[in-house]
Amino acid sequence: MEKGLTKKRVVISAVNFTEGGPLTVLLDSLRSAVEVLGSNWQIFAIVSKKELIKGLEVNLIEFPKSKRSWLVRIWLEYWYFKKLSKQLQPDLWLSLHDISPRVEARRQAVYCHNPSIFYRVSFREAMYEPKFLLFNLFYKYLYRINIYRNDFVIVQQDWIRSAFRKIYGCKNIVVAHPVGIIFNDESLPQKTPSSKIIFIYPALPRVFKNFDILCEAVASLPPVILDNIELRMTIDGSENRYARGLVERYRTVSGLRFIGRQGVEDMKKQYLESDVVMFPSKLETWGLPIGEAKTMGKPLLVADLPYARETVGCYKNVSFLNPDDPRLWADAMKLIALGCYGYEGSIETIPLGSYAPDWHSLWKLLVRGL
């Protein structure tokens, strides 16, 4: 393919993004690229399924077998993409999923979003999700391959930048905050009245998401409190072994409701109906539901961990709780139900060094000088 005389080219590789927060990151990045780069650029997106991307003026390159196995993925990243880059001749190649591929481009960047290397997997978690243990052991070395080929290494939080500098010695690390879904007033459905205090934990069923701590917290509450609260969880037991075990163990607990995975519109309704959003996850590079809850003005109970404090930023109605202590979560829920809970609040800390508060800022940084 011959390179055009006027238009520059960017390739955004995201063959591994199909759901949840990663897919949101991909869609946000593409929308912003279209707006920021404009008609002077040709935008190519490498995806597993074209139907994931709708209504955007981008050139889609589909690899439906990309998630079939890691062998296919390695072949793409370290062999085929080099051939593809010679055909496309990109000015910028951005890999959105951790791996630094072998490509030829004027500028190369990698977005490192998998935090598994920072987590100590317990035996019980390994039994529920063996694949996560393998990722935990493997990703530290996967990140290292070709990482020094990149002009920019992008991470979502400042604490991850510090860890990457310590582990890999990289100097060219950019902290880029994702935005996630912004719910505006015009798009919100009407709130359904409820006599109960509605809590919600919106997350996919992964072992580190820490659903157990909230289930234990609710199970420990006295009947007088359980009669006045409802905790909704976005799992139903059909997703995987971990979810199935949770639902089987806690299905009879009064006050717990397993509502299953929600689409965007349904999630708007769930946020609107909820009184408090909970997020006890032990491992995130960001935690998109925290930001989404903030746009709705919802009170938050979140894990007292670095990722959560950086994601929350400046917010009045938030408290940070030990993610390993169900009693603290139970006490908070009880006091909220009784109408006498006081949130501690938090302030924002701006990362020092290279920093992009949103995708628009990041794109401008990545293409500067090209």
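How many helices and strands does the secondary structure of this chain come to? The count is 13 helices and 14 strands. Good morning, colleagues. What I am presenting is a predicted model, and I shall go from the overall chain to its two sheets, and then to a few individual residues.

Let me begin with the chain as a whole. For 370 residues, a compact globule would have a radius of gyration near 21 Å, and the chain, with 22 Å, agrees with that. Along its principal axes the C-alpha trace spans about 70 × 45 × 40 Å. Of the 370 residues, 53% count as buried. The accessible surface comes to about 17100 Å², and 52% of this belongs to carbon and sulfur atoms. If one takes the contacts between residues at least 6 apart in sequence, 66% of them join residues at least 24 apart.

I turn now to the sheet of eight strands. It is open, its pairing is parallel, and its strands follow the order S3-S2-S1-S4-S5-S6-S7-S14. The edges are taken by strand S3, residues 59-62, and strand S14, residues 355-356; each has a single partner strand, so one side of each is left without a neighbour in the sheet. Within this sheet, strand S6, residues 152-155, pairs with strand S7, residues 173-176, in the parallel sense over three bridges. Valine 153 has isoleucine 173 of S7 as its bridge partner.

Two helices deserve mention here. Helix H5, residues 158-168, lies across S6 and S7, and runs at about 165 degrees to S7. Helix H13, residues 359-367, lies across S1, S2, S4, S5, S6, S7 and S14. The direction of H13 is at about 135 degrees to S4.

The next topic is the other sheet. In what order do its six strands stand? The order is S10-S9-S8-S11-S12-S13, in an open sheet with parallel pairing. Its edge strands are S10, residues 256-258, and S13, residues 318-321, each of which pairs on one side only. On average, neighbouring strands of this sheet are turned by 20 degrees against each other, direction ignored. S8 and S11 pair in the parallel sense over two bridges, and in S11 the bridge partner of phenylalanine 199 is valine 276.

Helix H9 packs on this sheet, where it touches S8, S9 and S11, and its direction makes about 135 degrees with that of S8. Which residues of H9, spanning 264-273, are buried? They are Met267, Lys268, Gln270, Tyr271, Leu272 and Glu273. These buried residues pack against strands S8, S9 and S11, and also against helix H10, residues 288-295. H10 itself lies across S11 and S12, running at about 165 degrees to S12.

Let me now consider the cysteines. A search of the whole structure finds zero disulfides. Why does cysteine 112 form no such bond? The closest cysteine sulfur, that of cysteine 170, is 8.0 Å from the sulfur of cysteine 112, which is too far for a bond. At 2% relative accessibility, cysteine 112 counts as buried. Cysteine 215 is likewise classed as buried, with a relative accessibility of 0%.

Just after cysteine 112 in the numbering comes histidine 113, which is found in the loop between S5 and helix H3, residues 123-128. Is histidine 113 buried or exposed? Its relative accessibility is 16%, so histidine 113 counts as buried, the cut-off being under 20%. Leaving aside residues up to four places away in sequence, histidine 113 touches Phe17, Pro22, Leu96, His97, Asp98, Tyr143 and Thr285.

My last residue is arginine 102, in the loop between S4 and S5. At 30% relative accessibility, arginine 102 counts as partly exposed. With residues up to four places away in sequence again not counted, arginine 102 touches Glu77, Tyr78, Trp79, Phe81, Lys82, Asn146 and Arg149. The C-alpha atoms of arginine 102 and isoleucine 145 are separated by 9.7 Å, and these two residues are 43 residues apart along the chain.

To conclude, the predicted model has an open sheet of eight strands with parallel pairing and an open sheet of six strands, also with parallel pairing. Zero disulfides are found in the whole structure. Thank you for your attention.

Terms used. Predicted model: local features only at pLDDT ≥ 70, side-chain atom pairs only at ≥ 80, totals over all residues. Heavy atoms only, no water. Disulfide = S-S within 2.5 Å. Buried < 20%, exposed > 50% of the residue type's maximum accessible area, 1.4 Å probe, protein only. Helix = DSSP H or I, 4+ residues; strand = E, 2+ residues; numbered from the N terminus. Contact = heavy atoms within 4.5 Å. Pairing = 2+ DSSP bridges. Axes fitted to C-alpha atoms, helices over the stretch in contact; angles between N-to-C directions. Rg over C-alpha atoms; globule rule 2.2 N^0.38 Å. Areas by Shrake-Rupley, 256 points an atom, 1.4 Å probe, with all protein chains shown as cover.
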